[in-house]
Amino acid sequence: MRPNSRARLSLSLLLIAGALGLGATPATAAEVHTAAAPSAIPSTSAYALDAAVERTLGAGTAGTYLDAKTGNLVVTVTTDRAEEQARAAGATVRRVTRSAAQLDAAIETLEAEAKITGTSWGVDPRTNQVAVEADSSVSVRDMARLEAVAKRLGGAVSISRVPGVFDREVLGGGAIYGGGSRCSAAFNVTKGGARYFVTAGHCTNISANWSASSGGSVIGVREGTSFPTNDYGIVRYTDGSSPAGTVDLYNGSTQDITSAANAVVGQAIRKSGSTTKVTSGTVTAVNVTVNYGDGPVYGMVRTTACSAGGDSGGAHFAGSVALGIHSGSSGCSGTAGSAIHQPVVEALQAYGVTVY
């Protein structure tokens, strides 16, 4: 497992609005799903504080989350020293039972003893536990094995069943094509004056060349891909275009993206993808491992946003802040989903690019 004490899958290439000159398609009201009572979007200072706490405390915090009532960033700690540091940084502090090291140890145990296809796990700092989800493909025998491991971990792990099956949400055909499949681009990015878009790695694994229509001319060429373990890839525009750095909201408008950050548990997010359009939800866990049938991915973020086949590679964002690249889910029940994203900050750092 990749070390990560803090804080993939459909094929759909919804390019950021304005990219490739493709017009946005207005969505009906029924196409925009809203999860129950999502929390507020963190302020710029809250994202900055979250990053500062991670740098300062490291493993001294068992995670951070956004308080649903106040909107304040809460830092969980287990020691007096960590509490002093968190308060000095200006954070709200909560003492918890389990340290980051204990939660990481629980994740390591799950990795070693309960690596079952159809499961995912990640840290929920609100409960100070590792929250495990098991989809409908997990057998009774494997559930018993999972529960036995959790029981030995003494309350550090909670388990819940989710409908559907964790999978890459793959569709053939669509607006943007590579290797006969359709994917969504997450965000347009730049480096040294060149323009690129980032998308899911399981998309860029499929093809080196991407077009705006089936059999159309190539508009971008793959320059990097990483899946499994991660789920991100990058494509360089080769058609001479200079697409805008915006996300399609599927109602005739777009959202400008001006910065990137790591998502905070408890915050509201939106997902834009070419199948389910714009859906909303709440971040529920970070440092998430997803055991897909074709390999695990690590360090992901779990949300309650809805998604479906064709949404992979799409954008997870909050206001003007880029948060993640859509990876996959176990489907959607009503307005409650399980959309998982690859943190975009990691992808940007890997390729040395920035949003604009």
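These legends walk through several close-up views of a predicted model.

**View 1. How confident the prediction is along the chain.**
Before zooming in, here is the confidence picture: the protein chain averages a pLDDT of 86, and 86% of its residues get to 70 or more. Residues 3-38 are a weak spot, since pLDDT stays under 50 there. That stretch still has 151 contacts beyond four places in sequence in the model. Residues 169-174 also have a pLDDT below 50, with 26 contacts beyond near neighbours in sequence. A word of caution: where pLDDT is low, the predicted coordinates should not be read in detail.

**View 2. A three-stranded open sheet and two helices lying across it.**
The strands in this sheet come in the order E1-E2-E3, and their pairing is mixed. Which strands sit at the edges? They are E1 (61-66) and E3 (92-95), each of which pairs on one side only. From one strand to the next, the twist averages 25°. Look at E2 (residues 73-77) beside E3: these two are parallel and share four bridges. One place to spot the pairing is Val77, whose bridge partner in E3 is Arg95. Now add the helices. Helix H1 (residues 44-57) lies across E1 and E2, and runs at about 15° to E2. Helix H2 (residues 80-88) lies across E2 and E3 instead, running at about 165° to E3.

**View 3. Strand E24 and its partners E19 and E21.**
Strand E24 covers residues 340-343 and pairs with E19 (residues 295-303) in the antiparallel sense, over two bridges. Here His341 of E24 stands opposite Val301. E24 also pairs with E21 (residues 321-328), again in the antiparallel sense, this time over four bridges. To find your way along that pairing, look for Gly328, which has Ile340 of E24 as its bridge partner.

**View 4. Phe197 meets Tyr237.**
The model has two aromatic pairs, and this view shows one of them. How are the rings of Phe197 and Tyr237 arranged? They are edge-to-face, 5.5 Å centre to centre, with 65° between the planes. Phe197 belongs to strand E10 (residues 194-199) and Tyr237 to strand E13 (residues 232-237), so the pair ties together parts that are 40 residues apart in sequence. Are these two residues buried or exposed? Both Phe197 and Tyr237 are buried.

**View 5. Tyr232 and Tyr351, another aromatic pair.**
Why does this pair count as edge-to-face? The ring planes of Tyr232 and Tyr351 are at 90°, with the centres 5.6 Å apart, so edge-to-face it is. The pair links distant parts of the chain, as Tyr232 is in strand E13 and Tyr351 is in helix H6 (residues 344-351), 119 residues apart. Tyr232 is buried, at a relative accessible area of 9%. Tyr351 counts as buried too, with 16% relative accessibility. While you're at Tyr232, find Gln342 as well: the two are 110 residues apart in sequence, but their C-alpha atoms are 7.1 Å apart in space.

**View 6. Arg195 over the ring of Tyr356.**
Last stop: a charge and a ring. What sits over the ring of Tyr356? It is the charged end of Arg195, 4.3 Å from the ring's centre.

Terms used:
Residues are numbered from 1 along each chain as its sequence is written. This is a predicted model: local features need pLDDT of at least 70, side-chain atom pairs count only at pLDDT 80 or more; totals for chains, interfaces and linings use all residues. Side-chain values use heavy atoms; hydrogens and water are left out. Two strands pair if DSSP finds at least two bridges between them. pLDDT is the predictor's confidence in each residue, from 0 to 100. Contact means heavy atoms within 4.5 Å. Axes are lines fitted to C-alpha atoms, for helices over the stretch in contact, and angles run from 0 to 180 degrees between N-to-C directions. Rings of Phe, Tyr and Trp (its six-membered ring) pair if their centres lie within 6.5 Å; planes under 30 degrees apart count as stacked, over 60 as edge-to-face and the rest as tilted. Buried means under 20% relative accessible area, exposed over 50%, partly exposed in between (1.4 Å probe, protein chains only). A charge sits over a ring if NZ of Lys or CZ of Arg is within 6 Å of the ring centre and within 35 degrees of the ring normal.
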